[in-house]
Structures are given as structure tokens and as C-alpha cells.
Amino acid sequence: MSRVKIAIVNSKSFGVYTNAVERLKEVGVVDKIEVGKDLKGKPLAEKLQGYHIIIASVTPIYDREFFEHNKTVVLIVRHGIGYDNIDVEAAREHGVIVARVPGWREREAVAEHTIALMLSALRYVPQSYIAVKEGKWSERAKYVGKEINHLTIGIIGFGNIGSRVAEILSKGFGAKIMVYDPYVPREKVEYYGYRYAASLEDVARECDIVTLHTALTNETKYMLNEKFFEKAKKGMIIVNTARGELVDTNALIKYIEKGIVAAYSADVVEGEPIGHDHVLLRYPNVIITPHIAAYTFEALAGMDEAVVEAVMNYLDKKPIDGIVVYPPSPRSIRD
């Protein structure tokens with residue numbers, strides 16, 4: 001077999017806190033490559049020509065044209081859970097295996113960050129901190145919050161992370177939980193003592209807080225849109241640690257300005273990374289962190305381990321945990 005060439009593309013965190021890069025260097029040549037976040041197609045294919053394995057971040061975009069023009073890549077492993085920047089059908093058609101970090105590796109970290117964002121919005125943590133720094137301690141009466149155990153919280157997406165968030169909120173805070181996930185049976189939701197939402201309209205109408213934990217697909221893009229916000233309970237708080245594109249930003253802004261959405265607390269933004277002049281940052285009731293929900297030492301170490309395992313198992317012809325695509329006729333490594 002030819003010497004394996006591995007490209008770590010646009011990842012700022014892979015191998016920073018572990019020896020993952022050194023372990024990969026034992027089996028091949030490893031290069032760290034930075035490209036524009038919107039690079040795709042033939043230019044990206046040419047940039048990564050000659051590499052067999054790609055360790056991918058949330059950017060750039062591995063579209064159909066990429067797979068049509070790059071003939072050397074055999075495996076793409078996402079250093080994370082989401083893979084919406086990879087055209088998985090095109091990968092399948094061109095014999096490229098796609099894997100991701102299994103969801104349980106990030107479960108605790110992202111769930112905890114979700115709770116942190118939720119509490120920050122409920123209790124005005126960033127705003128009151130800024131007030132203290134500006135010498136406005138006397139204005140503390142402006143920051144009267146709410147207690148979670150009096151609220152109904154809508155969990156959209158009841159997978160690894162959504163189910164853990166529900167558990168923390170119900171058992172730790174005594175919150176009332178409503179779950180919307182059309183791929184999860186009602187019986188499973190009700191088994192845990194949660195209410196089952198038959199539609200997003202139910203969530204919009206009845207929930208005080210809505211938190212997003214679903215993958216970005218053609219079906220879920222802009223699932224929180226004008227129609228959703230029209231039905232939303234006044235004073236709703238929205239938390240998003242999944243993908244920015246799940247929320248229609250223009251509709252969100254409209255209903256923030258109407259006073260329907262009391263706060264938006266997010267770790268992800270459509271088109272991220274964003275600059276200091278992004279429109280959402282104009283609103284004092286918007287809290288944004290820079291996609292750091294999985295940034296704990298424990299989670300990053302687990303993610304690194306999962307990626308290294310995927311590469312090693314591929315080379316050893318063993319099953320890969322976290323498979324997204326396994327084509328019927330996988331490519332083999334060649335020069």
C-alpha cells in the first residue's frame with residue numbers, strides 16, 4: 001500500500017490537547033491545511049489532491065464537484081458530530097467513506113453549555129456583568145429573571161444531546177419538558193415522563209424556552225421561521241447549540257423587535273464565523289459564543305480519540321464507529 005497522506009483541514013482544535021497528530025504520523029504523512037471557509041468544488045479538490053484521508057472541520061464545503069474532481073481521497077472523518085458541509089450522497093457515489101465523531105463523545109459538554117446559555121439568558125448574566133464593569137451596580141433591578149422549575153422547555157431533537165439536556169432540566173431543575181422529534185416514538189418520550197409534541201406549532205404555542213438539538217438537513221433548515229414565530233409564546237427564549245441555519249435569522253430579528261422572542265442564546269450562527277458587526281450583535285438580549293459547546297478538555301480528548309480510531313480501523317480493515325456513508329464499492333488508497 002502507498003504511504004498514507006492525511007490532511008487536517010481547517011481544524012483549530014484537533015490534536016491540540018492530545019497526542020493525536022503524533023499517533024497519525026506513525027501511519028502516514030500528516031499536514032495541517034488552512035483554506036477559505038467557503039472554498040469548494042474543483043479548487044478544493046485540487047488543493048487536497050494527493051491526500052487519502054481528510055480530517056474535516058465545519059468548513060470548507062465538500063460538495064459534489066469536489067468528489068468529481070478529487071480522485072485520491074478515500075475517507076473523510078469529521079472532527080465533530082455535524083456533517084452538513086459534506087455531500088454524503090456524492091461521497092457514496094464516488095466511493096468515499098464518511099465518518100463522524102459518535103454523538104456520545106460530545107454529549108455532556110454540549111448539554112452543559114446549552115444549560116449555561118439558557119441560564120445566561122434567563123438571569124441576564126452577560127448583561128449584568130457588563131453593567132457592573134460600567135459602574136452601573138445600582139441598575140440591578142433591571143435584571144429580574146425567571147426560575148426554570150416554573151417553565152415549560154421544548155426540546156427539538158431527542159438524540160444524544162437533546163435527551164441529556166432534558167434529563168438535566170427535569171431531574172436537576174424540575175422543569176416541565178416537551179419533546180419534538182418526528183423520528184422518536186411517542187412511547188419513548190412519554191416513558192421518560194415528558195410531553196410529546198406532535199408538531200412544531202405545539203412547541204411554539206406552549207413552551208417558554210426552546211432549545212435546538214437536531215441535525216441540519218434540507219428538512220430542518222430554517223425550521224424556526226416566520227410561521228413558527230407567529231405562533232410563539234410571548235417572551236420565549238431560544239437556545240441553539242446545533243446549527244445556525246436551523247433558525248431563519250431575518251424572521252428571528254423581526255420577532256425580537258416585536259418583543260415575542262425575549263432572548264436568543266446561541267453557540268452557532270448562520271455563515272459563521274461572524275464579525276463584530278453582525279446584525280444579531282446589535283441586540284442586548286442576544287448572547288453568542290463562538291461555537292465552543294464541545295470545547296472541554298474531556299470532550300476534545302474523546303473527539304480526537306474517535307478520529308484516530310476511525311483512521312486506524314480503516315487502515316486495519318476494522319469496523320468504524322460513527323459511519324455516515326459506507327459506499328458499496330469503496331475506493332482504495334493509491335498514488
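This briefing covers the fold, the strand pairing and two individual residues of one protein chain. The model is predicted. Its secondary structure comes to 12 helices and 13 strands. The chain has 335 residues and a radius of gyration of 21 Å, which agrees with the value near 20 Å for a compact globule of that length.

**Overall shape and packing**

- The C-alpha trace spans about 70 × 50 × 35 Å along its principal axes.
- Buried residues account for 52% of the 335 residues in the protein chain.
- Take the contacts between residues at least 6 apart in sequence: 64% of them join residues at least 24 apart.

**Surface and charge**

- The protein chain exposes about 16,100 Å². Carbon and sulfur atoms supply 51% of that area.
- The chain carries 43 positive and 44 negative charges. The mean positions of the two sets are 2 Å apart.

**Strands E1, E3 and E4**

- Strand E1 covers residues 4–9 and runs parallel to E3, with four bridges joining the two. Val 9 stands opposite Ala 56 in E3.
- Strand E3 covers residues 53–56, and both of its faces are covered. Ile 53 and Ile 55 are buried on one side. Ile 54 and Ala 56 are buried on the other.
- E3 also pairs with strand E4, residues 75–78. Four bridges join these strands, which run parallel.
- Two residue pairs mark the register between E3 and E4. Ile 53 stands opposite Leu 75, and Ile 54 has Ile 76 as its bridge partner.
- E4 is likewise covered on both faces. Leu 75 and Val 77 are buried on one side, and Ile 76 and Arg 78 are buried on the other. The buried set in E4 thus includes a charged type, Arg 78.

**The seven-stranded sheet**

- An open sheet of seven strands has the order E8-E7-E6-E9-E10-E11-E12. Its pairing is parallel.
- The edge strands are E8 (195–196) and E12 (286–288). Each pairs on one side only.
- At the E8 edge, two bridges join E8 to strand E7 (residues 176–180), and the two run parallel. Met 178 has Arg 195 in E8 as its bridge partner.

**His 113**

- His 113 lies in helix H5, which covers residues 107–122.
- Is His 113 buried or exposed? His 113 has a relative accessible area of 14%, and the cut-off for buried is under 20%, so this residue counts as buried.
- Which residues does His 113 touch, leaving out those up to four places away in sequence? They are Thr 241, Asp 267, Thr 289, Ile 292 and Ala 293.

**Lys 146**

- Lys 146 sits in the loop between helix H6 (125–133) and strand E6 (152–156). Strand E6 belongs to the seven-stranded open sheet.
- The C-alpha atoms of Lys 146 and Leu 122 are separated by 5.9 Å. These two residues are 24 apart along the chain.
- Leaving out residues up to four places away in sequence, Lys 146 touches Leu 122, Arg 123 and Leu 151.
- One of these contacts, Leu 122, falls within the residue range of helix H5, 107–122. His 113 lies in that helix too.

Technical notes
Residues numbered from 1 in each chain as written. Predicted model: local features only at pLDDT ≥ 70, side-chain atom pairs only at ≥ 80, totals over all residues. Heavy atoms only, no water. Rg over C-alpha atoms; globule rule 2.2 N^0.38 Å. Buried < 20%, exposed > 50% of the residue type's maximum accessible area, 1.4 Å probe, protein only. Contact = heavy atoms within 4.5 Å. Areas by Shrake-Rupley, 256 points an atom, 1.4 Å probe, with all protein chains shown as cover. Charge placed at Lys NZ, Arg CZ, Asp CG, Glu CD. Pairing = 2+ DSSP bridges.
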